[in-house]
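Here are some exercises to work through with the model open beside you. Try each task before reading its solution.

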Amino acid sequence: MTTIWTHTTLPGGLPLVWHRRPGAGLIAARLWIRGGSSLDPQGQRGAMQLLAGTMTRGAGALDAEALAERVEGRGAALRAEASEDCLVISLKCASEDALDLVPLMLTMAVAPRLEESQVDLERQLNLQNLQRQKEDPFQLAHDRLRHQLYGPGPYGHDPLGVEEDLERLSAADLAPLLADLGCGGAVLVLCGDLDGQLAERLHQALAPVSGWSTQAPTGGAGPVGAAGDDLAQQEQSTEQLVLMLGAATVPLGHADALPLRLLQAHLGLGMSSRLFVVMREERGLAYDVGVHMPARCGATPFICHLSTSEDRAAGASACLLEEWRRVLQDPLSDDELALARARFRGQDALGRQTCGQVADRQALLLGYGLGAEHVQACLDRAAGLDAQALQAAAQRWLAEPKLSLCGPAGALLAAERSWVAHRSG
């Protein structure tokens, strides 16, 4: 069933989009703003996430305590965070509280207080999170792979930043970011128990704080990949090896994005996926295995990941590399392609169960400059893609993968030998 969205524009140009989903008595709201950690200034990696976190620590006339009391006193949930391509302010509240709380989202974006004490507190929390990540072999392998795929460029670091930059950031560094926020476009999306009268009242309530000069985001080229090292290793005294094999591919709206996502569904979605069945069920080579392909406005990473024991490192590495090679050399069978399509459709259905999920997806589509019909168009197009189309996309974008390893020395050596054998043909 097609979801019907109502579109309007606030003073200043900000699009307001909403969908009525009656019954729950709840509203999910997303203020999606183009420009995430990929726009962190040089020497200030982590600045956009620090700005996002500080937005929840006071805005307009409300200091941190007053803002928290207004939100939590109504049983609502409010957060702000930056990802690679955007800064998103998210709200979930009761319908009767929407008039009071939705305007607060715009106030947070245009008038955060940026008090030095609150910036310091948020920075310390982010530094603690970065420190914890250093103890996680999965995160360490992922961070190395980021650098292999994107170098020191916009996609080359976690949105949290890096310690040496984050430690130097202050409230004075965030103010210039705020001045440019929204220049790349923004959109406000609402979904939930929102009748026509409430929507009109919300439009009126937002007007006093919506003089923010912005517009709908449009498509455009995002960050691209970089020619980094083919192999990266980090020794860690653990009992498992984490392996990440990946390549920088295409933006969300690119023609090859759909065949690559069908390959993701084939390889790594669910317990019937190729990697799960072969590596975990049949051969017992991995504790965990999957495929990660997030949405990006630039060169999206396509990453196969696994964790395994040291004594199975050689076999697990060789098997994963062989499965990667198989995608390049052998078209999917008719049954494999049909199952990949079914998983792709199922993932779409599971991703629009709640008001929050519906709002997230609509905000993402509009934020990336894609139409509301994009998802349905992909579902329709998937039915017509054959195995040769998937193989051709793989050969264009997955032919030169990079490998990141984290684990004990013996496992690293075994995995490196498998990699050398794979590279030699």
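**Exercise 1. Work out how covered helix α9 is, and check its length.**

Start with burial, where buried means under 20% relative accessible area, exposed over 50%, and partly exposed in between (1.4 Å probe, protein chains only). Helix α9 is mostly covered, with 12 of its 12 residues buried. Among them are Leu258, Arg261, Gln264 and His266. Helices (H or I, at least four residues) and strands (E, at least two) are DSSP runs, numbered from the N terminus.

Before going on, keep in mind that this is a predicted model, in which local features need pLDDT of at least 70 and side-chain atom pairs count only at pLDDT 80 or more, while totals for chains, interfaces and linings use all residues. Residues are numbered from 1 along each chain as its sequence is written, and side-chain values use heavy atoms, with hydrogens and water left out.

Now the length. The expected span is 1.5 Å times one less than the number of residues. For the 12 residues of α9 that gives 16 Å, and the end C-alpha atoms are 16 Å apart, so the two agree. After the helix comes glycine 270, with a positive phi near 90 degrees.

**Exercise 2. Find the buried side of helix α12 and its packing partners.**

First, list the buried residues of α12: Glu336, Leu337, Ala340, Arg341, Arg343, Phe344 and Asp348. They cover an arc of only 160 degrees around the axis, which puts them on the same side of α12; the arc is that of the directions from the helix axis to the C-beta atoms.

Next, turn the helix round. The face away from the buried side carries the exposed residues Asp334, Asp335 and Leu350.

Then look for contacts (heavy atoms within 4.5 Å). The buried residues of α12 pack against α9, α10, α11, α13, α14 and α15.

**Exercise 3. Trace the five-stranded sheet and name its edges.**

Begin with pairing: two strands pair if DSSP finds at least two bridges between them. The sheet is open, its order is β9-β13-β10-β12-β11, and the pairing is mixed. β9 and β11 stand at the edges with a single partner strand each, so one side of each has no neighbour in the sheet.

Then zoom in on β10 and β12, which run antiparallel and are joined by nine bridges. Valine 242 stands opposite serine 307 in β12.

Finally, add the helix: α10 lies across β11 and β12, running at about 160 degrees to β11. Axes are lines fitted to C-alpha atoms, for helices over the stretch in contact, and angles run from 0 to 180 degrees between N-to-C directions.

**Exercise 4. Explain why cysteine 183 and cysteine 191 form no disulfide.**

Set the criterion first: a disulfide is a pair of cysteine sulfur atoms within 2.5 Å. For cysteine 183, the closest cysteine sulfur is 16 Å away, in cysteine 297, too far for a bond. For cysteine 191, the closest cysteine sulfur is 4.3 Å away, in cysteine 355, which is also too far for a bond.

Compare their surroundings. Cysteine 183 counts as exposed because its relative accessibility is 54%, while cysteine 191 is buried, at 0%. The structure holds zero disulfides.

**Exercise 5. Describe the settings of leucine 114 and arginine 325.**

Leucine 114 sits in the loop between α3 and α4. Its phi is near 55 degrees, a positive value in a residue other than glycine. Leucine 114 counts as buried, at 14% relative accessibility.

Arginine 325 belongs to helix α11 and also counts as buried, at 18% relative accessibility. Not counting residues up to four places away in sequence, arginine 325 touches His422 and Gly425.
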